[in-house]
Amino acid sequence: MLPEKILGFGISKSCIRELAAYGAKRKAEIGADQVFDFSLGNPSVPAPPCVEEAIRELLSLDSTSLHGYTAAAGLPSLRKTIAKDLQERFSLPAREDLIYVTCGAAAGLAICLHALLLPGEEVIAFAPFFPEYRMFTEGVGGKLVTVPPLADLQPDLEALKTSITEKTKLVIVNTPNNPSGVVLSEESLKKLCGILHAAELRFGHPIYLVSDEPYRELVYDGQPVPSILRFYDNAILDYSYSKSLSLPGERIGYLAVSTRMEDAATVFAAICGGGRVCGFVNAPSLMQRVIEKCIDKTSDISMYKVNRDLLYNGLKELGFDCVYPDGAFYLFMKTPEPDAKAFAERAKKYELLLVPSDDFGVPGYVRIAYCVSADQIRRSMPAFRKLAEEYGLC
Ligand code: PLP
């Protein structure tokens, strides 16, 4: 006998991975430049030069300590550097003893859920959401409750009010958002925090708010990305360098428990326990040292802005209805027919690989990942035109 729930996660088909596999097959058949693969959120700009410089410098250190185990929560010097960065660059309530260095944001979320959730308790996520939230929640016996969005894809806070129950233990927000690119406004976040705090008082227990922010630096029109740590005490920031430093395969990020959390030390201890239960041991040692040297650097984000503008303007001109993406590197486009999967299938006829929105918890959209070359976007426009013509949009 195997645990059915976990087996189910292994067997269930991820639309994104299936599409990526299909894309690889088509590229082998007809040539890579004939396929317009917009399926994956893999950064397309190189890591900044400081990463390579740091690695070269670090390789001259003693190998046994460089590649050895680190403390489970991370190197003390890195935790200190991260806390200082959060305080100085973002004015956030952070402290080194409440920083836990992770193997990326996915690990941070899995750890939080192991640390905080009891079987039968509920986690609220706002649609559209990163599909792994369901796996992480259900994997520890919790229930994922989803709140549908407003028309502009900001969270529906009236719907949030009716979704909170006595069993609500944790709420996840993701800004800038995968898959929509929407950045939550300060007004929305403040209201959301007010609703949660009122519920905490009503039910007499904490409701933890986890802010999943791997795209924090990826915004294109100079607007701020307000952090929930400013507005809510029982908050945990889940960050990753996968996108900002283009290091997704290196698995490095952190959790920051707010210094304002009443039981912060206990929650931090539970997070350390969550990390052990998940078997992470420690985040990659070499990368911890790299991050220490590149703490406030990013890849050349301007390339994504060029792509965002090319794609958004191009699709609008063809008559498609798109959500304006302020950040991340995804564009969410309404499908001209209600069945997003059927639309994505039709798009394949033109070698356009677009992810239907159903796995993100909303019907009727496709996600277009524009972390590709600007050239791919330009060359894909005739294919998008043919698709638009099929639906009489142009
Ligand atoms: N959260 C969101 C919203 C994401 O889009 C991703 C990755 O695409 C993750 C978490 C996981 O990121 P990481 O590579 O840091 O584990």
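A residue counts as buried when its relative accessible area is under 20%, as exposed when that area is over 50%, and as partly exposed in between. The structure shown here is a predicted model, and this scale serves as a guide through it.

Glu351 offers a starting point. Because its relative accessibility is 13%, Glu351 counts as buried. Glu351 is located in the loop that joins helix H13 (340–348) to strand S11 (352–353). Its backbone is notable for a phi near 65°, a positive value in a residue other than glycine. A second residue of this kind is Val281, where phi is near 60°, again positive although the residue is not glycine. Val281 belongs to the loop between helix H10 (264–277) and helix H11 (285–293).

Helix H11 also holds Gln288. With a relative accessibility of 0%, Gln288 is classed as buried. Its side chain makes a polar contact with the backbone nitrogen of Leu75, at 2.8 Å. Another buried residue is Phe320, at 3% relative accessibility. Phe320 sits in the loop between helix H12 (302–317) and strand S9 (322–323). Although Phe320 and Cys394 are 74 residues apart in sequence, their C-alpha atoms are 9.1 Å apart in space.

The surface presents another picture at the start of the chain. Leu2 precedes helix H1 (4–11), and its relative accessibility of 59% means that Leu2 counts as exposed. Together with Leu7 and Ile11, Leu2 forms a nonpolar patch on the surface, and the three residues have about 310 Å² of accessible area together.

The cysteines may be considered next. A disulfide is a covalent bond between the sulfur atoms of two cysteines. In this model the count of disulfides is zero. Cys15, for instance, takes part in no disulfide, since the nearest cysteine sulfur, that of Cys371, is 17 Å away and a disulfide requires the two sulfur atoms to be within 2.5 Å. Cys15 is buried, with a relative accessible area of 18%, and Cys50 is likewise buried, at 14%.

Charged pairs are a further feature. Side chains of opposite charge can pair when their charged atoms come close. The model contains 26 salt bridges. One of them joins Lys25 to Glu29, with the closest N and O atoms 3.6 Å apart. These two residues are four positions apart in helix H2 (residues 15–30), so about one helical turn separates them. Lys25 is partly exposed, with a relative accessible area of 47%, and Glu29 is also partly exposed, with a value of 47%.

A comparable spacing is found in helix H5 (residues 76–90), where Asp85 and Arg89 are four residues apart, about one turn of the helix. The salt bridge between Asp85 and Arg89 has its closest N and O atoms at 2.8 Å. Asp85 is buried, at 9% relative accessibility, whereas Arg89 is partly exposed, at 35%. Arg89 forms a salt bridge with Glu217 as well, and here the closest N and O atoms are 3.9 Å apart. Because Arg89 lies in helix H5 and Glu217 in the loop between strand S6 (208–212) and strand S7 (235–240), this pair ties together parts that are 128 residues apart in sequence. Glu217 counts as buried, at 16% relative accessibility. Elsewhere, salt bridges with shared partners link Lys25, Arg26, Glu29 and Glu351 into one network, which returns the account to the loop residue Glu351.

The ligand remains to be described. There are 13 residues around it, of which Asn178, Asp212, Tyr215, Ser240 and Arg251 come nearest. An N or O atom in the side chain of Asn178 is 2.7 Å from an oxygen atom of the ligand. Ala105 contributes through its backbone, with an N or O atom 2.7 Å from a ligand oxygen. The side chain of Lys243 places an N or O atom 3.0 Å from an oxygen atom of the ligand. On its own the ligand has 400 Å² of accessible area, and the protein covers 92% of this.

Asn178 also marks an unusual point in the backbone. The peptide bond from Asn178 to Pro179 is cis, with omega near 25°, and Pro179 is placed in the loop between S5 and H9. Pro176 is found in the loop between strand S5 (168–174) and helix H9 (186–203). The peptide bond leading from Thr175 to Pro176 is cis too, with omega near -15°.

Technical notes
Residues are numbered from 1 along each chain as its sequence is written. This is a predicted model: local features need pLDDT of at least 70, side-chain atom pairs count only at pLDDT 80 or more; totals for chains, interfaces and linings use all residues. Side-chain values use heavy atoms; hydrogens and water are left out. Patches are made of residues with over 30% relative accessible area and no salt bridge: like charges are joined within 9 Å, nonpolar side chains (Val, Leu, Ile, Met, Phe, Trp, Tyr) within 5 Å. Accessible areas come from the Shrake-Rupley method with a 1.4 Å probe; for residues, only the protein chains shown count as cover. A salt bridge is a side-chain nitrogen of Lys or Arg within 4 Å of a carboxyl oxygen of Asp or Glu. Buried means under 20% relative accessible area, exposed over 50%, partly exposed in between (1.4 Å probe, protein chains only). A residue is near a molecule or strand if one of its heavy atoms lies within 4 Å of it. A polar contact is a pair of N or O atoms within 3.5 Å; within protein, one must be able to donate a hydrogen and the other to accept it, and residues adjacent in sequence count only if both atoms are side-chain atoms.
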